[in-house]
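Trainee: I am new to this structure, and I would like to understand the words people use for it. Could you show it to me and let me ask about them?

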Amino acid sequence: MQNGMLEFKDAPMFGRVMRDEAICRDVIECILGIEVERIDYLSPEHTLDPAADAKGVRLDVFARSPERVFDIEIQTTTDSALGKRMRYYQASMDTAVLDKGDDHVLLPESYIIFICTFDPYGAGLPAYHLERTCEEDESVQAADASHWLVLNASAWEQDADERRSTLLQYVAKGTAAQDGLTRRLEDAVHSINADAAWREQAMGFMTVEQNTKARVRTAREEGLQQGEARYALLVDKLIEQGRLDDLKRTAEDAAFRAALLREIVS
């Protein structure tokens with residue numbers, strides 16, 4: 001966020017811009033170097049609930065082409081559990097796209113893509129392709145048709161793929177080219193920022209989410225008592241479900257907070 005305006009790398013803006021099917025398709029093609037014929041459905045901030053009593057997953061962008069599914073995430077803060085997040089997202093996506101009774105061979109090819117503004121692994125690479133291989137013989141592949149890719153926008157200059165490098169530069173520095181994909185992204189960002197009501201709501205969500213995550217993190221670090229730990233879990237779930245209004249109300253309405261605790265964290 002800069003000068004009161006949201007940037008493409010801010011999660012609410014990222015999700016809003018990527019609602020444009022043509023932009024979403026072109027971003028995927030730019031990142032992966034593959035052709036995507038069309039997007040059948042596109043759901044920013046899509047919440048997956050793998051089981052009634054399981055932790056939900058809120059995806060920034062969840063998209064599907066005829067033969068593939070894509071989860072695209074924007075990440076601006078360090079996360080030591082990035083690998084475990086991708087593992088859980090993978091399981092949740094697979095459960096969501098496979099109907100009850102379907103054989104696992106029907107699982108489509110899947111991609112989980114994290115666009116980070118920092119280097120999550122410290123190796124200085126602009127792209128980390130994380131595939132499952134055999135430790136004893138790297139030529140042996142798991143062949144599970146799932147792919148994890150983590151992009152490091154801070155190393156955009158090191159990316160040999162010129163088009164993707166331009167995209168990563170835009171994420172890192174907000175510098176758009178005179179034409180092409182990043183110019184379209186920048187035009188979309190300007191247009192969306194012009195909606196003052198949406199921008200205020202999005203900024204409010206970012207502030208609440210950041211503050212609550214900080215409180216939850218502090219609570220866990222300090223080993224709070226059971227009641228506070230249950231509240232931390234409630235906050236987590238409300239954030240995952242995008243229930244901003246309910247989250248705000250829990251801080252002010254004890255009866256409402258108790259009711260939600262019984263409903264969600266029973």
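Mentor: Here we go through the terms one by one, each with its cut-offs. This is a predicted model, where local features need pLDDT of at least 70, side-chain atom pairs count only at pLDDT 80 or more, and totals for chains, interfaces and linings use all residues. Residues are numbered from 1 along each chain as its sequence is written, and side-chain values use heavy atoms, with hydrogens and water left out.

Trainee: Thanks! How many helices and strands does the chain have?

Mentor: The chain has nine helices and six strands. Helices (H or I, at least four residues) and strands (E, at least two) are DSSP runs, numbered from the N terminus.

Trainee: Why is Asn193 called buried?

Mentor: Buried means under 20% relative accessible area, exposed means over 50%, and partly exposed is in between (1.4 Å probe, protein chains only). Asn193 has 6% relative accessibility, so it counts as buried. Asn193 belongs to helix α5, residues 181–193. Across the chain of 266 residues, 42% count as buried.

Trainee: What does Asn193 touch?

Mentor: Not counting residues up to four places away in sequence, Asn193 touches Met5, Leu6, Met13 and Arg199. Contact means heavy atoms within 4.5 Å. For the chain, among contacts between residues at least 6 apart in sequence, 60% join residues at least 24 apart.

Trainee: What makes Asp40 and Arg38 a salt bridge?

Mentor: A salt bridge needs a side-chain nitrogen of Lys or Arg within 4 Å of a carboxyl oxygen of Asp or Glu. For Asp40 and Arg38 the N to O value is 2.9 Å, so the pair meets that definition. Glu37 also forms a salt bridge with Arg38, their closest N and O atoms being 3.6 Å apart. The structure holds seven salt bridges.

Trainee: Are Glu37, Arg38 and Asp40 buried or exposed?

Mentor: Glu37 is exposed, with a relative accessible area of 63%. Arg38, at 38%, counts as partly exposed, and Asp40 counts as partly exposed at 42%.

Trainee: Which parts does the pair of Arg132 and Asp144 tie together?

Mentor: Arg132 and Asp144 meet in a salt bridge through their side chains (3.6 Å, N to O). Both Arg132 and Asp144 lie in the loop between β5 and β6, so the pair ties together parts that are 12 residues apart in sequence. Arg132 is partly exposed at 29%, and Asp144 is partly exposed at 40%. As for the earlier trio, salt bridges that share partners join Glu37, Arg38 and Asp40 into one network.

Trainee: What is notable about the phi of Ala143?

Mentor: Most residues other than glycine have a negative phi. Ala143 has a positive phi of about 55° although it is not a glycine. Ala143 sits in the loop between β5 and β6 and counts as exposed at 72% relative accessibility. Ala145, also not a glycine, has a positive phi of about 60°. Ala145 is found in the loop between β5 and β6, and with 32% relative accessibility it counts as partly exposed.

Trainee: How do you know that Glu138 is exposed?

Mentor: Glu138 has 62% relative accessibility, so it counts as exposed. Glu138 is in the loop between β5 (127–130) and β6 (146–152). Thanks for the good questions!
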